[in-house]
Amino acid sequence: MLAIPEETRYFDHHPTPVEVLLVLEIAGSSLEYDLGAKSRLYASAGIRQYWVLNLKSNELIDHREPGADGYHSRHTYGAGSSVSLDAFPEITVHVSELLPVQG
């Protein structure tokens, strides 16, 4: 999870959904749950960006535009792709950097 970066902000509480900028789930055996029920929960709470790293296919699934009925935008990026953070569009992340080292 990536929350609003402010050093003293969370002394008295855990981040609330409006303070959460990104949630990243690592999915192996939990892929169906992460893309289904968990995705709907995060969207209905208003989490603005939700990533699911699919370890079986080496892909990152990027969810944006949360709503009461789920995310309205969903894109899949392969290991050779890059994706930007919604909260910090100038920052890009290479999907391959999130994947476990093969060897």
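**Close-up views of a predicted model**

**View 1. The β4–β5 hairpin and its strand pairing.** In this predicted model, β4 and β5 are connected by a hairpin with 2 residues in it. The two strands run antiparallel and are joined by 8 bridges. One residue to locate here is His63, which stands opposite Arg74 in β5. Strands of a sheet pair through backbone hydrogen bonds, either parallel or antiparallel.

**View 2. Surroundings of Glu65.** Glu65 lies in strand β4. Beyond its neighbours within four places in sequence, Glu65 contacts Gly70, Tyr71, His72 and Ser73, and also Arg48. Glu65 and Arg48 are 17 residues apart along the chain, and 6.3 Å separates their C-alpha atoms.

**View 3. The β3–β4 hairpin.** β3 pairs with β4 in the antiparallel sense, over 6 bridges. Within this pairing, Leu53 has Leu60 of β4 as its bridge partner. The hairpin has 4 residues between the strands, and Asn58 takes a positive phi near 55 degrees in it. Leu55 is placed in the loop between β3 (49-54) and β4 (59-67).

**View 4. A nonpolar patch on the surface.** Leu55 also belongs to a nonpolar surface patch, together with Leu24 and Ile26. The patch has an area of about 220 Å². Leu55 has a relative accessible area of 32%, so this residue counts as partly exposed.

**View 5. The open sheet.** The sheet is open and has 5 strands in the order β1-β2-β3-β4-β5, with mixed pairing. Its edge strands, each pairing on one side only, are β1 (2-3) and β5 (70-78). β1 runs antiparallel to β2 (residues 20-27), and 2 bridges join them. Ala3 has its bridge partner in β2, namely Val20. By contrast, β2 and β3 pair in the parallel sense, over 5 bridges. Across that pairing, Val23 is matched with Tyr50 in β3. As for cover, 6 of the 8 residues in β2 are buried, and the strand is mostly covered. In a regular strand the side chains alternate between the two faces of the sheet.

**View 6. The largest nonpolar core.** This core has 10 residues, among them Val20, Val23 and Ala27, along with Tyr50, Val52, Ile61 and Tyr71. The list is completed by Leu31, Ala43 and Ile47. At least two residues of this core come from each of β2 and β3. β2 gives the largest share, with 3 residues. In soluble globular proteins, nonpolar side chains tend to be buried together.

**View 7. Contacts of Val52, and a second core.** Setting aside residues up to four places away in sequence, Val52 touches Ala27, Leu31 and Ile61, as well as Leu35 and Leu60. Charged residues and a histidine are also touched by Val52, including Glu25, Asp34, Glu59 and His63. A second core, separate from the one above, has 9 residues, including Leu53, Leu60, Val83 and Leu85.

**View 8. The Asp34–Lys38 salt bridge.** The structure holds 5 salt bridges. In one of them, the side chains of Asp34 and Lys38 meet at 3.5 Å, N to O. Asp34 counts as buried because its relative accessibility is 1%. Lys38 is buried as well, with a relative accessible area of 18%, which is under the 20% limit for that class. Side chains of opposite charge can pair when their charged atoms come close.

**View 9. The Asp86–Arg48 salt bridge.** The side chains of Asp86 and Arg48 form a salt bridge at 3.1 Å, N to O. This pair links distant parts of the chain, with the two positions 38 residues apart in numbering. Asp86 sits in the loop between β6 (82-84) and β7 (92-94), while Arg48 sits in the loop between α2 (37-45) and β3. Asp86 has 30% relative accessibility and so counts as partly exposed. Arg48, at 33% relative accessibility, is also classed as partly exposed.

**View 10. The salt-bridge network.** Asp62 and Arg64 meet through their side chains in a salt bridge of 2.7 Å, N to O. Both residues of this pair, Asp62 and Arg64, are buried. Through salt bridges that share partners, Arg48, Asp62, Arg64 and Asp86 are joined into one network.

How values were computed: Residues numbered from 1 in each chain as written. Predicted model: local features only at pLDDT ≥ 70, side-chain atom pairs only at ≥ 80, totals over all residues. Heavy atoms only, no water. Patch = residues over 30% accessible without salt bridge, like charges linked within 9 Å, V, L, I, M, F, W, Y side chains within 5 Å. Areas by Shrake-Rupley, 256 points an atom, 1.4 Å probe, with all protein chains shown as cover. Salt bridge = Lys/Arg side-chain N within 4 Å of Asp/Glu carboxyl O. Buried < 20%, exposed > 50% of the residue type's maximum accessible area, 1.4 Å probe, protein only. Pairing = 2+ DSSP bridges. Contact = heavy atoms within 4.5 Å. Core = buried A, V, L, I, M, F, W, Y, C linked by side-chain atoms within 4.5 Å.
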